[in-house]
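Please look at the sequence and the structure below, and then follow the text from an enclosed space to the place where a ligand sits.

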Amino acid sequence: MTKPDDEESGGTPPCFLHELDPAISGIPDEETERDVARWRKAERARLIGARQAVPVAARAVADAAIAAELTRRIGDAKGRMAALYWPFKGEPDLRGWASAWRAVGGRTCLPVVVQKAAPLIFRDWTGAERLERGVWNIPIPPETAPEVVPEIVISPVVGFDDGNYRLGYGGGFYDRTLAGLRAKGLRPRVIGVGFAFQRIPTIYPQPYDIALDEAVLAEV
Ligand SMILES: Nc1nc2c(c(=O)[nH]1)N(C=O)[C@@H](CNc1ccc(C(=O)N[C@@H](CCC(=O)O)C(=O)O)cc1)CN2
Ligand SMILES: Nc1ncnc2c1ncn2[C@@H]1O[C@H](COP(=O)(O)OP(=O)(O)OP(=O)(O)O)[C@@H](O)[C@H]1O
């Protein structure tokens, strides 16, 4: 990245993001990391706000559209393990899809935060067990539920960009989880889900960001 000549003369723009080429993921420098973190924080707030403002009726239509499209893309359920999520902050509610998937022989699991700044684990979710409160009060299957490895990961996006990169809540959980699975030679199919307005040109991907395989984003 080149530095503008006027850096010492008061003409410096507040942020250098406009100079970044998202296609190039070089060695991260501190200044860039700070700018990206700041930009992501604001973008998350904007997108989560827009998502929470979607009216209930429109949301129900969009959730149904996402569910139908997932079924179409994924196909046969028999014996296949899909990771879902317990929706919060206006995320699409796919719990109905999860039970429909189980009803035709699919299996489901939910992500569990073991600790901050660490990969997630996935626990088997039959739909019959009593869920517990995990970190940030997110419902999770109890410790007695076996840890499993999903073949398909349905991941709620805060933002989704043209390079298939996902903006999440900022914990880095999915990136760490997918990196950990890859290190073991495991590559689940990762499908982002959300609403069409969550599509953005770029999240300014960093070396640790892992692109998703695809996304299903419903119009609202
Ligand atoms: N429904 C759902 N479940 C999920 C995820 C998700 O994106 N959606 N996750 C995907 O990763 C994991 C949880 N990730 C989360 C990451 C940050 C925050 C959060 O609210 N953080 C606080 C800051 C907390 C702190 O830094 O101490 C905040 O934003 O106010 C919540 C969940 C696992 N379960
Ligand atoms: N594989 C990894 N190893 C170590 N640190 C990582 C890894 N992936 C991400 N991080 C760290 O996690 C932090 C948050 O990452 P990022 O902004 O991509 O979160 P996010 O994808 O929006 O959140 P989430 O996946 O929890 O919804 C970053 O500061 C980054 O340093």
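The largest cavity holds about 50 Å³ of space, where a cavity is a set of points, on a 1 Å grid over the protein atoms alone, at which a 1.4 Å probe fits but cannot get out, and where a volume is the space filled by probe spheres set on the points, joined across faces, edges and corners. This is a predicted model, in which local features need pLDDT of at least 70 and side-chain atom pairs count only at pLDDT 80 or more, while totals for chains, interfaces and linings use all residues. Residues are numbered from 1 along each chain as its sequence is written, chains are lettered from A and ligands numbered from 1 in the order in which they are written, and side-chain values use heavy atoms, with hydrogens and water left out.

The lining of the largest cavity (residues with an atom within 4 Å of a point) consists of Y165, R166, Y174, D175, L178, D209, I210 and L212.

Which residues are the closest to ligand 1? They are W86, F88, E91, Y169 and Y174, among the 16 residues that surround ligand 1, each having a heavy atom within 4 Å of it. Polar contacts, pairs of N or O atoms within 3.5 Å, join the two: a backbone N or O atom of W86 lies 2.7 Å from a nitrogen atom of ligand 1, a polar side-chain atom of E91 lies 2.7 Å from a nitrogen atom of the ligand, and an N or O atom in the side chain of K116 is 3.3 Å from an oxygen atom of ligand 1.

Methods
On a 1 Å grid over the protein atoms alone, a cavity is a set of points where a 1.4 Å probe fits but cannot get out, and a pocket is an open set with protein on both sides within 12 Å along at least five of seven lines; lining residues have an atom within 4 Å of a point. A polar contact is a pair of N or O atoms within 3.5 Å; within protein, one must be able to donate a hydrogen and the other to accept it, and residues adjacent in sequence count only if both atoms are side-chain atoms.
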